[in-house]
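Reader: I should like to go through a few of the labels used for this model and ask what stands behind each of them.

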Amino acid sequence: MTSIQSVLAAFTIILIDLMGRAGLDKVLALSGGPAMVALWAQLQSVMELAGSVANTGVVQGLTVLVAQVRDPRDERNLLQSALKLGLGVSLAMALVITLAAPLLAAWLTHGNIEAGLFLLAALAGCITVIPATLNAYWLGKHQQQRMLGLALLTSATCLLVAAGAWMGLSLRGLMLVQCSVILVIGGAIWRYLRKLTQAANGQSDGAGYLGKLAKFVPVGIAIGIMSPVSMLLIRGLLSGMLSWENVGFLQALWRSSDWVTATAAGVLSLIFLPRFSSTYGSGRFKGEMLRAGVLVLVPAACLLLFIFFNQRAMLATLYDARFAVSDETTALFMLGSWVRIASWVFLFGLFAARRTRLIVAGEVLSLPLLALLLWLFADGMTLERTALLYLASYIIYLGFNAAALLYSSHNSTYAHHNR
């Protein structure tokens, strides 16, 4: 089902993404300090907000559906429908961000970021839907080698933004560089997609494909809105309770754990989601879930322990010596990150099962729950307490996802036996 070459390509894609983000964060830390790292992260969350409704909903749905169809004409018709729906959803989100930009800039950054930068971030987020759609199409067809070439192309964005930061550009200058590069890359991919979808010729069931993909839009709204908005709120709340410098320290710890969490998410998405999708409803699905759990969770535990025991050296290497947190904070955060990865194993199983309503319901119990807990326990907030609340929220999220998938699998088996 998945060749050795595809697995190697998937790991290389993950590594390219992680190295690009780590390199950019390092330059931002050296040129602007912890506050610059935190403020740039705020703008990236706004960019994700514009694109993630499509990227986490419609685009994930495209991968699932392409993996389950067999006719190449159906695959390309699905691609065409996903591109239309994804861009439409992202443009709607960008419009909302544009209208709310003055309020968001004042509320979430305390005036440290001007409203115009939110508009640039929203534009960049819309354009990211184009390469994400092509990625999802190739992923559904198990063509990770092609995705590797696209990952190398899009990595130019981090490289050029980092070069701009090194030259001392302001946040506005960095956002202009990011938007320009994304626009050029997105335009080239758009032309390729237009040629590819023309092969779908006139026999498409456009309404039918759009209807199937539209079922994933609520998932995109839940994850694509709740996750970046929650991160914006979390950083905004903590900047008021603590300081932007402390938010920068937490962001650095989060990025350090990303080397493990993002790798795990990439393995689940790039390798196991197509396998889950093609085996769901059969006896092989449980085996794929167990295989994913072992191959993802055991290495993740080892790597997170390594980060814990070497956190000071890692933070100093990835950022600089000013970035330091307590051992208690690191231990709680790394344990929370491992629980988060475990919750994703079941989440991707729910994606394969197309249980979109359960995914939407569960999303409230992840980052949104963390934001709520931070607000409820704001008095005397510390980074240690923040990490403890992070762990607590993901224990709840893991329990929900596991129960939801067991419930879905039981119902699917029961329905199959009663046909």
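Author: This is a predicted model, and a convenient place to begin is helix α6, where L159 and W166 are exposed on the side away from its buried residues.

Reader: What makes the buried residues of α6 line one face of the helix?

Author: The buried residues of α6, which spans residues 156-166, are T157, V161, A162, G164 and A165. Viewed down the helix axis, these buried residues fall within an arc of 155°, so they line one face of α6. They pack against α1 (4-68), α5 (144-154) and α7 (171-198), and just after α6 the residue G168 takes a positive phi of about 90°.

Reader: Why is the aromatic pair of F249 and F323 called edge-to-face?

Author: Ring centres must lie within 6.5 Å to pair, and planes over 60 degrees apart count as edge-to-face; F249 and F323 are 5.6 Å apart centre to centre with 75° between the planes, and therefore meet both conditions. F249 lies in helix α10 (residues 244-279) and F323 in the loop between α12 (311-318) and α13 (327-352), so the pair ties together parts that are 74 residues apart in sequence. Both F249 and F323 are buried.

Reader: How do you know that the pair of Y390 and Y394 is edge-to-face?

Author: The ring centres of Y390 and Y394 are 5.4 Å apart and their planes stand at 65°, so this pair is edge-to-face by the cut-off of over 60 degrees. Y390 and Y394 are four residues apart in helix α16 (residues 383-417), and thus separated by about one helical turn. Ring pairs link both of them with W254, F333 and Y397 into a cluster.

Note on methods:
Residues numbered from 1 in each chain as written. Predicted model: local features only at pLDDT ≥ 70, side-chain atom pairs only at ≥ 80, totals over all residues. Heavy atoms only, no water. Buried < 20%, exposed > 50% of the residue type's maximum accessible area, 1.4 Å probe, protein only. Helix = DSSP H or I, 4+ residues; strand = E, 2+ residues; numbered from the N terminus. Arc of directions from axis to C-beta. Contact = heavy atoms within 4.5 Å. Phe/Tyr/Trp six-rings, centres within 6.5 Å; stacked < 30°, edge-to-face > 60°.
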